[in-house]
Amino acid sequence: MTEIAISSTTLPVGSKGRDASGWWGMLALVATEATLFAYLLFSYFYLASHSPPPWPPNGAPSLTLAIPGSLVLIAGSVTMWWGERGIERGRRWQLVAGLLLSLLLGIAFIVLEGIEWAGKPYTLSSSVYSSLYFTITGFHLAHVLVGLLILAVLLLWTGFDYFDENRHSAVSIGVIYWHFVTVVWLAVFFTFYIAPRLG
Amino acid sequence: MQRLTMPARWLQLLLALACAARTAPAMAHGATIGQLGWNWEGWVLASLAVAVFGYVRGLLRMDAGAREHVFGPGRYAAFAAGIGVLFVALISPLDALDDQLFSAHMLQHMLLILVAPPLLVWGRPATAWLWAFELPARRSIGRFWMGAPGVQRGIRFLMRPLAVWVLSSFALWFWHLPGPYDWALDNAWVHAGEHLCFFLTALAFWSLVLAPYGRRQLDYGSSLLFVGTLGMQMGLLGAILTFATRPVYLAHAHTTLAWGLSLLEDQQLAGLIMWVPAGLVYTGTMAVLFVAWLHDAERKAVTAMRAGRRTRALQGVGTLSLLLAVLALSGCHDKAATSPWQISGAQPARGPALIQHYGCGTCHTVPGVAQASGTVGPPLTQFGQRAYIAGMLHNNPDNLMMWLRDPQRVLPGNAMPNTGMTERDARDIAAYLYTLQ
Amino acid sequence: MKAGRTLLVGLALTLSHDAWAATPMSYLRTFGPAGYPVTRLGWGLGIISVSVVVIVGLLLLGGIFRRRGPRRLSDPNALAVRRDAGGMAWIYIGVGISSLVLIGAMIWTLVVTAVVAHPSSRPALTVQVSASQWWWALRYDTEQPSRTFTSANEIHIPVGQPVRFEVTSTDVIHSFWVPKLGGKIDVIPGQTNVTWLQADQPGVYRGQCAVFCGTEHARMALQVIAQSPADFRAWQESQLADAPRPATPEQQHGTRVFQSHCAACHTIRGSNAGGLVGPDLSHLMSRRTLAAGVLSNTPGNLAGWIVHPQSVKPGSRMPDQTLSGPQLAALMAYLQTLH
Amino acid sequence: MTRTETHRAPVIAQATDASPSSDTLRKNWEGPGGWRGWLSTVDHKEIGKRYLLTAFVFLLIGGLEAAVMRAQLATPDGHLLSAEQYAQLFTMHGVTMIFLYALPVLSGFSNYLWPLLLGSRDMAFPRLNAFSYWVFLFAGIFLYASFVMGKAPDDGWFNYVPYASREFNPGPNIDVYALGMVLLGVSTTVGSINFIVTLFRTRAPGMSINRVPILVWGTLTASVGNLFAVPAVSLAFLMLWMDRQLGTHFFDVSAGGQPLLWQHLFWMFGHPWVYAIVLPAMGIVSDGLPTFCRRPLVGYTAVALATVTTMVLGFGVWAHHMFATGLPVMSLSYFSASSMVIVIPSAVAVFAWIATIWTGRPVFTTAFLYFSSFVLLFVIGGVSGFMTASVPVDLELTHTYFVVAHLHYVLIGINVFPVVGGIYYWFPKITGRMMSERLGKWSFWIMFIGFNVGFFPMHILGLAGMPRRVYTYPSGLGWGSWNMVATLGSYLFAIGIAMFLVNVWISLKRGKAAGRNPWGAPSLEWSTSSPPPVYNFAVIPNVASRYPLWEGYMDDDEDTGGSTIHEGLLLDHGRETIGTTMLDAEPAVILKMPGDTYTPLLLALALTLLFVGLLAQAWWAVGAGVLLTLLATITWLWPQRKLSQIER
């Protein structure tokens, strides 16, 4: 026997913006990734506290490239935030512009980081410090690359006209990752570039 | 509603200043070993005294009934204990000891981060402080607050959970780097800044976690993560200090040995204080939050069923108070909130007409009342499930009727006018509101 | 059937034998102040633990048999589910009692930890223990460098005096443990860990590496030989002496064999052999066992060990030796002079 | 082109599996049959069964390894195995039992049961679920491939450096372990994310957070724990692999690295992990006991809180695995005290179970026997843990068979017993048939006696000073006969397990039909037919109490608050279920669920290729693996109209 009634409330159907399950999934992923970086930085401080001074062995790394790099990354987050706001209001051009700008800024970060890596007098296997430096910044760089890939795919999908003000959960989800990459960089930056200057 | 949280911000600012005021005594950093006296520094004392005075004066000035509803022995005790802890941290010999021993300094920090702030926050001093002023002053404070949207917006931004999390983490790691740490011990102003950082971030942290005014910005699940992840950071930092094989902080080098500790042992002890006792405080807080979470769900569920049955969700609480003394901080024993209200002798059916008569609908959206779709005040939909009235009073019939009849007495200066409601009408309106599930 | 009974009876007999007879590694009874308070605490916690298990077991049995449920769950009566019958009191009381016991145990633990952290008097002697896969090198340090000497696998200590041990590793993680005298301390490369032991009765106390350290981890034993202070001093003097010069031609031949086959790894003080890879053999014959406690030190075992160590202790760092019969005989003759 | 439906007022209907509306549901939810369906299914029930089956296969393999080791140790100077073979065996035994059996078997239960317990039609991320299973399977095969080649990991499951470093362990053994664990970590992490989001998104309307079964709390706690713990071990293994293959120096003493960093990272993970593999099992008992005691669990809130608190404390006490490593003396007492505190939440749970039994009316089913004996084994494992928490005593106990006894009481007593009991309990639901009670009781007693005879003597061996991980021991130390007893007992235990498996096999074919709710149990999974239809529930039930199927049967009138099982949201426009709010479980969104697809399998294969490439240092394979992984991921995430992800 089936009796049918229609519920009095209307519910949204499917993933919609921040209501998407994927949004929660991404938050959980970010939580676990952030923990990964926490353990990486723990390893850094642990090994630092067990090494005879001076630490870092070659003095604190130069800020000449790191500060522009940080600014570039932060700017990339801001442009992405602006782009996401655009699509929330139905302005597709703004999303495209935001994605493009963030992509460019992300690439700029990678170039800066690449120059910095190339200028290091040591390699991955030179010392504990160099192992830590290349591993941790390398981990971060890998995350930037994934972030760029996400932005590129989002750009492609925007080109296919998949997103509008009602349906853009992929953008909202991808953006979290991009912001996460920036925030983690600040922690890495603080650890490697600022902390040694503070004693 | 902003006007309610405003005093909380002021309180934070003032207490922070109280803390900052200890800069001058910190000048006495050259204290020789073993000279541990009370730090009877005027500014600190004066700030604490002003804090207490304002609190007491505000309470005294308040209407007894309102005081009973807004505060209560638990809140007074929490505030008093919080001030007591500040006293221990900033005036007792511990303050002098912190210059000599790293571990004592860590203990002081833990008091400033994990003990005093939650107690103070729970004491709802902001309300009492506001009351310490005369009515016109209260009004102008309120007007200033309402009229300065930039300030409000900035503070609201700073009070966002993510911002608080980031700032607390940053403060924790920054001040434990050897450079800033030693710097703070060298320079009294920096030292005050350090304590200010800890104390301010901790006040913000505990306001979010404890939600002393009953309105949670951060739901329970997120609160658990919020507390847990900060606790983990402090644990990791503690572990690094405990296991380091060389002394990292040299500021105490010339005093530690006199206390029978090597520099390394002192550092290990400090690390352990941050790790184990602090970890237990975080664990306890999480346990309290968890019980409150289930309790809240239970209350809502039961309320939703509109049946005044007993609930057993709280029974675990007693057991776990053995587990954690901190449980005393939780509001779990508010039995009143667990059952919906049936007001004897009331006629809820009269409600809609009365609500129309008194013009409530101009400001409030009230389901089932014609033309009651105002947006000035909060909507009264699902009123029967609310935990608090005006974000401050427990939602129970007595409080509701008192609030309906004389809102200005309960919370002077708030936007809800006295409408001259009779007791019977208030009774019927309250009964009606409780039918809104 | 019969075989089964024989097996059971045999097992029962050996069990009772094992339970009461020699268990040289058991720490249910210890023989020094680094062990006494710990053993008492261990017994105490053990008794608490067993009591808890017994009490919980009885409560469970009581609960299970107190009141049976319906026979079949499909019985309509089975669905008359009981709600509350005051169960919360169990949690309050149970957790309350547990917490009290716990606090007691915690305080006792803290006291014992403090008591055994350091010996009551200044250690008379410091022994440097350096662990390698799979043996123990020992160095007895004194104030005068000239009175420092090395040995392996067998630690002599004077009775009634605390001895300090500083342990280091040359390769992987090991753990230094003489259960009859006290707890273990891990041996970790890159750091020096410190512990102390004291024997109140003369005797031989067996020890063993306790952390998995590679294939022959199971056979990395050591022995602590506690002697009266006088005997200990005598032993110390004998160890300080250089090894005797070979006297007979056969022994001299043996010296040459040693030089060509063994000296790269082993030291014999007073000869040209100065290798540092394996144990110091200057006073080999004064030791009770070979290969870190694997074999007793008899001529037959020694010869077999020299020629074919890989069959005795596979994976051992000592390679098999190809020696002719006369070479081996000469080597044995030489080694047997090393008292 | 029509626009995607963005809003709808859902239909509320009365329906059961027999209703005509169920045909539509069946059509929506059934995938293709045959091998295609087998490879592409995303049905949580299918995946849950696979998890259970695979985990049991690993249990048997690990058990066989143990049996060979016990044969070696039965007498002094055994020489059945060489030292190297023994090292590989005990390492693989540990790895198998801890990583490939203990958590996956619980994931199996949770995967199968969660949507049924929560009144949903699938997990929040069905495809991720399939992916998590495939990666688990491939990681298991990856680890075992080395075993077959005789190059299995051989440094124990702790894998302490420097023995695990290239200098002392040059073969591929440790690389396999390191990479295999990172791969397995991927599976665990995505699985945990899935559970967390499922809990917060897909509970039936009305199932507020205080009404979810304790099993759900257990798995949720374990999942959140994993989210924060697994990165530590993945990182440690990756750093180890880099040390071995890329020349970094994290653990390399000669260049300033620290062997103890490994132990810290490993135990930061290891200790919470121990709780992750027991808390869900404790949840099984907390949910099973009430059914057979005919009363609700005593102290629901207290038990849920104990679950969470245990995990939180678990993150702070890792150092108690390292008491003997020469930690600062001052720190030992702190760690000792903080470790002992864990006794308190454990005591809360134990007394809640005892009280439930004491104040209930126990029904003697096989499942009940397993659950109630678990309580005793839990206490034995608990008190031995309490003894090892006391530092001075631990300095004698650690690294000995006492610890071996302790951890087997914990893992077998708290994981295997509830798991087997759980199979007896839910077998009728999973297969539609009852298991034989008579054979079941026999198998229980044999398992119970065998287990205690086999593992209790290990306490005595530990007290008699037998170190763990020795492949042989000389006679004359008083260890021989107890080892013989342990060997015989463990074989008896194995016979018990075999009887259990025989029972499963026979009951699958000949068990009598179970019906919906053969135990008169209270939770939602018993409201559907056995086995459940592919769509789980003909309508999404409405929940109004903690024990929805007991409403009306309790002997007082509490909680009879009107759950509706056969009247609720119909949701039949394709694969759909309801998304509810996090705290109160009010309907918030109609979730569109993905159909069957090969992408999870392909992604898992690509990822495995990547890891095989890393192991073999075949960089082309690594490149191909990365590329395929990215392609599969993008395909997977491509927005679909069917899922309402795009509007036009």
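This is a short talk on how some chains and helices meet in this structure, and on one of its cavities.

Hi everyone, and thanks for coming. One thing up front: this is a predicted model, so please listen with that in mind.

Let's begin with the chains. Which two share the most contacts? Five pairs of chains are in contact, and of these it is C and D that share the most. Chains A and C, on the other hand, do not touch, and their nearest C-alpha atoms are 11 Å apart.

Now, staying with C and D, have a look at helix α3 of chain C, residues 88-117, and helix α11 of chain D, residues 329-340. Their axes lie 10 Å apart, and the packing angle is about 165°. How do the two run relative to each other, roughly parallel or roughly antiparallel? With an angle over 145° counting as roughly antiparallel, α3(C) and α11(D) are therefore roughly antiparallel. The crossing of α3(C) and α11(D) is right-handed.

If you'd like to find the contact on screen, the α3(C) side consists of L102(C), A105(C), M106(C), T109(C), L110(C), T113(C) and A117(C). Facing them from α11(D) are V329(D), L332(D), S333(D), S336(D), A337(D) and M340(D). Sorted by class, this contact between α3(C) and α11(D) has nine nonpolar residues, four polar ones and no charged ones.

Next, a helix pair inside chain B. Here α18(B), residues 351-358, and α21(B), residues 423-434, cross at roughly 115°, and their axes come within 8 Å. The crossing of α18(B) and α21(B) is left-handed. From α18(B) we have G351(B), P352(B), L354(B), I355(B) and Y358(B), which meet D425(B), D428(B), I429(B), Y432(B) and L433(B) of α21(B). In this contact, seven residues are nonpolar, one is polar and two are charged.

Last stop: cavities. The structure holds 15 of them at 30 Å³ or more. I'd like to show you the second largest, with a volume of about 220 Å³. It has 24 lining residues, and nearest its centre are Y51(D), L103(D), S107(D), T188(D) and F195(D). Helices α4, α5, α6, α7 and α8 of chain D each give two or more residues to this lining. Which element gives the largest share? That is α4(D), with seven residues. By class, the lining of this second largest cavity splits into twelve nonpolar and twelve polar residues, with no charged ones.

That's my tour. Thanks for listening, and I'm happy to go back to any of these views.

Methods: Residues numbered from 1 in each chain as written. Chains lettered and ligands numbered in written order. Predicted model: local features only at pLDDT ≥ 70, side-chain atom pairs only at ≥ 80, totals over all residues. Heavy atoms only, no water. Axes fitted to C-alpha atoms, helices over the stretch in contact; angles between N-to-C directions. Helix = DSSP H or I, 4+ residues; strand = E, 2+ residues; numbered from the N terminus. Parallel < 35°, antiparallel > 145°, perpendicular 65-115°, else oblique. Left-handed = near helix turned anticlockwise from the far one by under 90°. Contact = heavy atoms within 4.5 Å. Nonpolar A, V, L, I, M, F, W, Y, C, P; charged D, E, K, R; others polar. 1 Å grid on protein atoms, 1.4 Å probe; cavity = no way out; pocket = protein on both sides within 12 Å on 5 of 7 lines; lining within 4 Å. Points joined across faces, edges and corners; volume = space filled by probe spheres on them.
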